[in-house]
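Hello,

Here is the structure I said I would pass on, followed by notes on how its helices and strands are arranged. Please look it over when you have time.

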Amino acid sequence: MKQLTSYNRVAGYLNKLFDLLNEHYFENVLVRPTITIQSTPRAYGHFSMRDDTWVSVTGNSNEINIGAGTLARPIENVCATLLHEMVHYYCHVNGIKDTSRGNTYHNKRFKELAESHGLIVAHDEKYGWTLTSPSDDLIEFILQNELTDILITRNEFYGVSVAGTGAHNNTGTSIPPRTSSSRKYVCPCCGNSVRATKCVHIACMDCKEEMVLSPKSCAL
């Protein structure tokens, strides 16, 4: 797969990610919304509850947005953000009240659904069960599908951190440092490679040589 270094390629890739996650976690019950890449200074992403957020002659759609300044995080974190918004979308379609206080406080219904759809959920005092991160199942899904990191981001945020619903602090012009949950091991003889979610000792059975950690193992 070509490296994800252009906006247009990333836009298409996010649609692919939605389709894969929709099939794996939602049995394809979600109609693909309009997926956008816009600046979201106070969040990693958002879901628009209006069914006519986007209007065309062929029909209307909701919107899921991924923050333009957060694209270059490890792919498991980008997928977790997309999956977080997909859970909101699922709740909206099925009439499940998953938020309150102007749709900012995430209740236990959201927590339960998010945890059953590939996410780990932590509590925030102000915003409820909103702090989501990738589960081992989601990371394994990413490895199996050989999903890759996005190598482009908008110059907005550096050293991304989370507060509340995912507010960012610190500005800058660089791609944020990456902390991936996967590692790539390569055979020094034939170049065969495998990925793992932890440090392991593994050998290439073709060459009878121990595989070594790739210097690029921080990128999925």
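α1 passes α4 in a right-handed crossing. This is a predicted model, and the description below should be read with that in mind. The pair, α1 and helix α4 (residues 136-144), packs at an angle of about 130 degrees, with the axes 12 Å apart. Angles of 65 to 115 degrees count as roughly perpendicular and those over 145 as roughly antiparallel, with the rest above 35 being oblique; α1 and α4 are therefore oblique to each other.

On the α1 side the residues that meet α4 are L20, L21, H24 and Y25, and their partners in α4 are D137, L138 and F141. Sorted by class, that contact has 5 nonpolar, 1 polar and 1 charged residues.

Now the sheet. It is open, has 3 strands in the order β1-β5-β2, and its pairing is mixed. The edge strands, each pairing on one side only, are β1 (34-38) and β2 (45-48). From one strand to the next the twist averages 20 degrees.

β1 pairs with strand β5 (residues 63-67) in the parallel sense, over 5 bridges. Within this pair, I35 stands opposite I64 in β5.

Two helices pack on the sheet. Helix α1 (residues 7-26) touches β1 and β5, and its direction makes about 135 degrees with that of β1. Helix α2 (residues 75-93) touches β2 and β5, and its direction makes about 15 degrees with that of β2. α1 thus has contacts with the sheet as well as with α4.

Regards

Note on methods:
Residues numbered from 1 in each chain as written. Predicted model: local features only at pLDDT ≥ 70, side-chain atom pairs only at ≥ 80, totals over all residues. Heavy atoms only, no water. Pairing = 2+ DSSP bridges. Helix = DSSP H or I, 4+ residues; strand = E, 2+ residues; numbered from the N terminus. Axes fitted to C-alpha atoms, helices over the stretch in contact; angles between N-to-C directions. Contact = heavy atoms within 4.5 Å. Left-handed = near helix turned anticlockwise from the far one by under 90°. Nonpolar A, V, L, I, M, F, W, Y, C, P; charged D, E, K, R; others polar.
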